Amino acid sequence: MARTVLITGGTSGIGRATAELFAADGDRVLITGRHRDTVERAAAELSVEGMPCDAADPRQVAELADRVPKLHVLVNAAGGLPTPAPADLPPLDAVLADWQANLAQNLLGAVLTTTALRPALVPGGTVISIGSLGAERRGGAYGASKAALAAWNAALSAELGPLDVTANVVSPGYIEDTNFFQGAMTPERRAALIAETHTNRPGTPADVARTVHFLASPGARHLTGQTLHLNGGAHTTR
């Protein structure tokens, strides 16, 4: 039976790879993103449905929820590094803006989307959020927002469990072919990140998508409230 799958941040990288995998199963897939042009283009290329939606905007999220009366799989993949605060801000204002932007993109978007779609989640459903290795090492405001995501997920799992809905976080390490580094990755840094792994290779969006796909499968029905580290064995405490 075809499921309804909603993937926020589904226009590129991990979200797009995840959408492609579920669509290949014949599921009804709806992707979102903040920009109409990228959403429409990705939806057409993947042969899925698309809807522009900023996951951190309550009004837009409420409109999204109105479109999805029944939901089997929710993937909170929206997030990343926000645009830096304006250089002319006073120092403390810049710190506040940076932290608020990170929390909005990497925590509050998932919280708002999940809260709005919770009535639509069916028994046997699942919520999967994309975390980061940065939550457990020197991740600054970004890492703190992803750590908060994992803490929230633990509470969410307890709330959804009696409804036969699971909730987990997939926490990737270095993943290539995404927009995360915004063109700032150097060959030296790439080599260092790969050297930290036991597999001697970078992760790929497909690696994350397959893990998400497993968490939405019947084989993962007793797996909930967890953060799954997908980093090729890279240390989490450096």
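This is a guided tour of the structure, stop by stop, with a selection to make at each one. The model is predicted.

**Whole chain**

Start with everything shown as cartoon. Colour by secondary structure: the protein has 7 helices and 7 strands. Trace them from the N terminus, and the order reads β-α-β-α-β-α-β-α-β-α-β-α-α-β. The radius of gyration is 17 Å, close to the 18 Å that the globule rule gives for 238 residues, so the protein is as compact as a globular protein of that length. Along the principal axes, the C-alpha atoms fill a box of roughly 45 × 40 × 35 Å.

Now colour by accessibility. Buried residues account for 45% of the 238 residues. Then turn to contacts with a sequence separation of 6 or more: 70% of them link residues 24 or more positions apart.

**Helix H7**

Select residues 205-215, which form helix H7. Which of its residues are buried? Show Pro 205, Asp 207, Val 208, Ala 209, Thr 211, Val 212 and Leu 215 as sticks; these are the buried ones. Next, bring up what they pack against. One partner is a helix, H1 (13-24). The others are strands: E4 (71-76), E5, E6 (166-172) and E7 (227-230).

**Thr 126**

Stay with E5 and select Thr 126, which sits in that strand. Its relative accessibility is 1%, under the 20% cut-off, so Thr 126 counts as buried. Show the side chain of Thr 166 too. A polar contact of 2.7 Å joins the side chains of Thr 126 and Thr 166.

Expand the selection around Thr 126. Beyond residues up to four places away in sequence, Thr 126 touches His 72, Val 73, Leu 74, Leu 121, Val 165, Thr 166, Leu 215, Ala 216 and Arg 221. Leu 215 in that list is also one of the buried residues of H7.

**Asn 153**

Move to helix H5 and select Asn 153, which lies in it. Buried or exposed? Asn 153 is buried, with a relative accessible area of 1%. Show its contacts, leaving aside neighbours within four places in sequence. They are Ala 167, Asn 168, Val 169, Gly 225 and Gln 226.

**The cavity**

Hide the sticks and switch on a cavity display. Rolling a probe the size of a water molecule over the atoms shows where empty space is left. How many cavities of 30 Å³ or more does the whole structure hold? The search finds 1. The largest cavity encloses about 60 Å³ of space.

Select the residues around it. The lining has 13 residues, and the closest to the cavity centre are Asn 76, Ala 78, Gln 105, Asn 106 and Ala 110. Three elements give two or more residues to this lining: helix H4 (91-117), strand E5 (121-130) and helix H5 (140-160). H4 gives the most, with 5 residues. Colour the lining by class and you get 6 nonpolar, 6 polar and 1 charged residues.

**The second largest pocket**

Switch from cavities to pockets. The second largest pocket has a volume of about 180 Å³. Its lining counts 16 residues; select Pro 202, Gly 203, Leu 230, Asn 231 and Gly 232 for those closest to the centre. By class, this lining has 7 nonpolar, 6 polar and 3 charged residues.

**Three loop residues**

Finish in the loops. Select Asn 200, between helix H6 (187-195) and H7. Its phi is near 60 degrees, a positive value in a residue other than glycine. Asn 200 is exposed, at a relative accessible area of 61%.

Next, select Asp 164, in the loop between H5 and E6. Asp 164 also has a positive phi, about 65 degrees, although it is not a glycine. How accessible is Asp 164? At 40% relative accessibility, Asp 164 counts as partly exposed.

Last, select Ser 47, in the loop between helix H2 (36-46) and strand E3 (49-52). Ser 47 has 65% relative accessibility, over the 50% cut-off, so it counts as exposed. Draw a distance from its C-alpha to that of Leu 108. The two are 61 residues apart in sequence and 29 Å apart in space.

Technical notes. Residues are numbered from 1 along each chain as its sequence is written. This is a predicted model: local features need pLDDT of at least 70, side-chain atom pairs count only at pLDDT 80 or more; totals for chains, interfaces and linings use all residues. Side-chain values use heavy atoms; hydrogens and water are left out. On a 1 Å grid over the protein atoms alone, a cavity is a set of points where a 1.4 Å probe fits but cannot get out, and a pocket is an open set with protein on both sides within 12 Å along at least five of seven lines; lining residues have an atom within 4 Å of a point. Grid points are joined across faces, edges and corners, and a volume is the space filled by probe spheres set on the points. Helices (H or I, at least four residues) and strands (E, at least two) are DSSP runs, numbered from the N terminus. Ala, Val, Leu, Ile, Met, Phe, Trp, Tyr, Cys and Pro count as nonpolar, Asp, Glu, Lys and Arg as charged, and the others, Gly among them, as polar. Buried means under 20% relative accessible area, exposed over 50%, partly exposed in between (1.4 Å probe, protein chains only). A polar contact is a pair of N or O atoms within 3.5 Å; within protein, one must be able to donate a hydrogen and the other to accept it, and residues adjacent in sequence count only if both atoms are side-chain atoms. Contact means heavy atoms within 4.5 Å. The radius of gyration is taken over C-alpha atoms; the globule rule is 2.2 Å times the number of residues to the power 0.38.
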